[in-house]
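Student: I'd like to learn how to read a model like this one, feature by feature. Can we go through it together?

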Amino acid sequence: MSRRRRSSVAEIIDGIEHDPAHHLAGPFNPSLTPVDTPPTPKTDLPPSQKTPTALSVRPSKTVIGESLWDDIKTMNWMRSPASSLKLMLVPLVLFLNWHFVSPETPNPFKYLITIQHRIPDSSDDDPRYQKGYGDLAFLFYYVIVFTFIRQSITIHFFRPLALRLGIRREAKIDRFTEQGYAIVYFSVFGSAGVWAMSNMDTWYFDTKNFWTDYPYWAMTPTIKTYYLLQFAYWTQQLLILALKLEKPRKDYNELIIHHLVTMWLIGWSYLVNLTKIGNAIFITMDISDIFLALAKTLNYLGLENTSAVAFAWFVFVWSYGRHYLNIKILYSVWTEWDLIPEAAKVWNPEQGLWMDWWMKWQIFIPIFLLQLVNLFWYFLIWRILIRAVFGTKLEDERSDDEDDGKPDEPENDKED
C-alpha cells in the first residue's frame with residue numbers, strides 16, 4: 001500500500017534538518033552510514049591500523065581501546081562511554097584516596113572535581129568565588145564528564161527507547177537519540193540558567209544591572225558552576241567538530257564559526273567579570289533549542305500534530321529569545337555602557353577591572369556576530385516554511401544524509 005502524503009508541517013521540520021546550509025540539526029547531527037548502504041569490504045588490518053569510527057549511538061560500533069593510553073592517543077574516550085568512564089574514575093579515585101589517607105594536607109585533585117578559589121573572607125552563609133587557574137582543570141575534567149554522559153544517554157537510554165517506540169531504521173534511530181540528548185541538556189541548563197538569573201538583580205533581563213555594580217567578580221557557587229559547566233559542554237562540542245569525529249556536513253564551516261563565537265563569548269565574559277550578561281545570553285539560546293529538538297523527535301515518531309505544536313512553539317521562542325531578547329542585550333551594550341562606575345572604566349586586571357573604553361567593542365562585536373548568524377538561520381527557517389506552505393518541493397541536498405529516501409515501517413506512519 002502506498003504511503004500517504006505527509007503534512008506540510010512534517011515537511012517543514014524535515015526541511016530544517018535537511019537544509020544543507022542550516023545548522024539547526026545542531027552539533028548533535030548523526031554521521032553514520034545508513035543500514036541500506038552496501039557494507040564496506042572487511043580488511044585484515046590489525047586494530048592499531050584501523051581508522052576509528054565516528055561518534056555513534058550503536059553499541060556494535062563502540063571501539064574498545066587496548067589501554068587507557070591508547071584511548072587518549074586515539075581520542076577513543078570521545079566515542080566510547082566505557083573509555084570516558086575510565087578517564088573520569090582515575091581522578092575521582094585519586095581525590096578520594098587523598099581525602100581519606102591524608103585529610104590534613106591540601107588535596108591537589110580537588111581542582112578537577114569541584115569549583116575552587118573561594119574568597120577567604122566570604123561567609124559560610126553566602127560563600128563567594130573568584131576566577132583562578134584551577135578553573136582550567138575543572139573545565140578539562142568536565143569535558144570528559146559530558147562526553148561520558150552524552151554517549152551513555154544516547155546508547156543506553158534513547159536507543160532502546162527509539163526501538164520500543166517503533167523506530168526501526170538505524171539512521172532515524174541515530175537522529176532520535178542525538179536530539180533526545182539535546183532535549184535533556186538544554187532543558188537542564190536552560191532551567192538552571194533561568195533559576196540562576198532569578199536569584200540575581202538582572203531578573204527578568206533587567207539589562208541596566210549588567211553594568212551598575214561592575215565588576216561582578218565575587219561569584220556565587222551557582223553562577224560559577226553553571227558557567228564552567230557550560231564552557232565544558234561547548235568545548236566538547238567544538239572538539240567533536242574540529243577533530244572531525246563526526247562526518248562533516250556541508251555547513252561545517254558555519255558550525256565552526258558559530259562554536260568559535262560562542263567560545264569567545266563564554267571565555268571573554270568569564271575572564272572580564274561579565275557573567276551576568278553571559279547568563280542572559282545562555283538562556284536565550286538554550287530555551288529555543290529545547291523546542292527544536294522536541295519538534296524533531298516527535299516528527300521521527302510520526303506524531304505530526306504534536307510535532308506541529310512543538311514547531312510552532314519553537315518559532316515563537318526562537319523569535320522572542322534569539323532575536324528580541326538578544327537585540328535587547330545588544331542595545332544595552334550600546335546605550336547602557338556608561339552605567340559602569342567611572343572608577344571601573346580602567347584596565348586593571350589585578351583589581352578585576354577590564355572596562356577600558358575599547359572593551360565596549362570587544363563585547364559588542366561577538367554578540368553582534370552571533371545575532372547575524374541567528375538572523376541567517378532565521379531566514380532559512382522562514383524560507384523552508386514558505387516553500388512548504390506554497391507547495392515547493394523540499395529537496396535534501398545534504399552530502400551526509402543518513403536516509404536514502406525509503407519510507408519507514410508502517411508502524412511509524414501514524415498521527416496522534
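**Reading the model**

Tutor: Let's start with one residue: Arg79 is buried, at 9% relative accessibility. Buried means under 20% relative accessible area, exposed means over 50%, and partly exposed is in between (1.4 Å probe, protein chains only).

Student: What should I know about the model and its numbering before going on?

Tutor: This is a predicted model, in which local features need pLDDT of at least 70 and side-chain atom pairs count only at pLDDT 80 or more, while totals for chains, interfaces and linings use all residues. Residues are numbered from 1 along each chain as its sequence is written, and side-chain values use heavy atoms, with hydrogens and water left out.

Student: Back to Arg79, then. Where does Arg79 lie?

Tutor: Arg79 sits in the loop between helix H2 (68-74) and H3. Helices (H or I, at least four residues) and strands (E, at least two) are DSSP runs, numbered from the N terminus. A polar atom of the Arg79 side chain lies 2.9 Å from the backbone oxygen of Thr74. That fits the polar contact definition: a pair of N or O atoms within 3.5 Å, where within protein one must be able to donate a hydrogen and the other to accept it, and residues adjacent in sequence count only if both atoms are side-chain atoms. Also look at Arg150: its C-alpha atom is 9.7 Å from that of Arg79, with the two positions 71 residues apart along the chain.

Student: How many helices and strands does the protein chain have?

Tutor: Eleven helices and zero strands, so the pattern along the sequence reads α-α-α-α-α-α-α-α-α-α-α. Of the 416 residues in the protein chain, 50% count as buried. For contacts (heavy atoms within 4.5 Å), take the ones with a separation of 6 or more: 77% of them are between residues 24 or more positions apart.

Student: Which residues have the most contacts inside the largest nonpolar core?

Tutor: The general idea first: a nonpolar core is a set of buried Ala, Val, Leu, Ile, Met, Phe, Trp, Tyr and Cys residues joined through side-chain atoms within 4.5 Å. Here the largest one has 48 residues, and Trp77, Tyr141, Tyr142, Phe146, Tyr185, Ile223 and Tyr233 have the most contacts inside it. Elements giving two or more residues to this core include helix H3 (81-101), helix H5 (134-164), helix H6 (170-198) and helix H7 (221-242). H7 supplies the largest share, twelve residues. Another core, of 29 residues, lies apart from it, with Trp211, Val261, Ile277 and Met285 among its members.

Student: And how do I read salt bridges?

Tutor: Side chains of opposite charge can pair when their charged atoms come close. The cut-off is a side-chain nitrogen of Lys or Arg within 4 Å of a carboxyl oxygen of Asp or Glu. The structure holds 13 salt bridges. One of them joins Lys86 and Asp71, with the closest N and O atoms 3.3 Å apart. Lys86 is in helix H3 and Asp71 in helix H2, so this pair ties together parts that are 15 residues apart in sequence.

Student: Is Asp71 buried or exposed?

Tutor: Asp71 is buried, at 1% relative accessibility, whereas Lys86 is partly exposed at 35%. The Asp71 side chain also makes a polar contact of 2.8 Å with the side chain of Ser83.

Student: Which other pairs are worth a look?

Tutor: Try Asp124 and Arg118, whose closest N and O atoms are 2.8 Å apart in a salt bridge. Asp124 is exposed at 68% relative accessibility, and Arg118 is partly exposed with 33%. Then there's the salt bridge between Lys208 and Asp206 (2.9 Å, N to O). Asp201, Asp213 and Lys276 are joined into one network by salt bridges that share partners.

Student: What about the surface?

Tutor: The protein chain exposes about 19,900 Å², 65% of it from carbon and sulfur atoms. Accessible areas come from the Shrake-Rupley method with a 1.4 Å probe; for residues, only the protein chains shown count as cover. Patches are made of residues with over 30% relative accessible area and no salt bridge, with like charges joined within 9 Å and nonpolar side chains (Val, Leu, Ile, Met, Phe, Trp, Tyr) within 5 Å. A nonpolar patch here has about 1,100 Å² of accessible area together, and its residues include Trp264, Trp334, Trp361, Phe368 and Leu375.

Student: Which helix gives the most to the nonpolar patch?

Tutor: Helix H11 (residues 359-389), with six residues. Leu375 is found in H11 and is partly exposed, with a relative accessible area of 40%.
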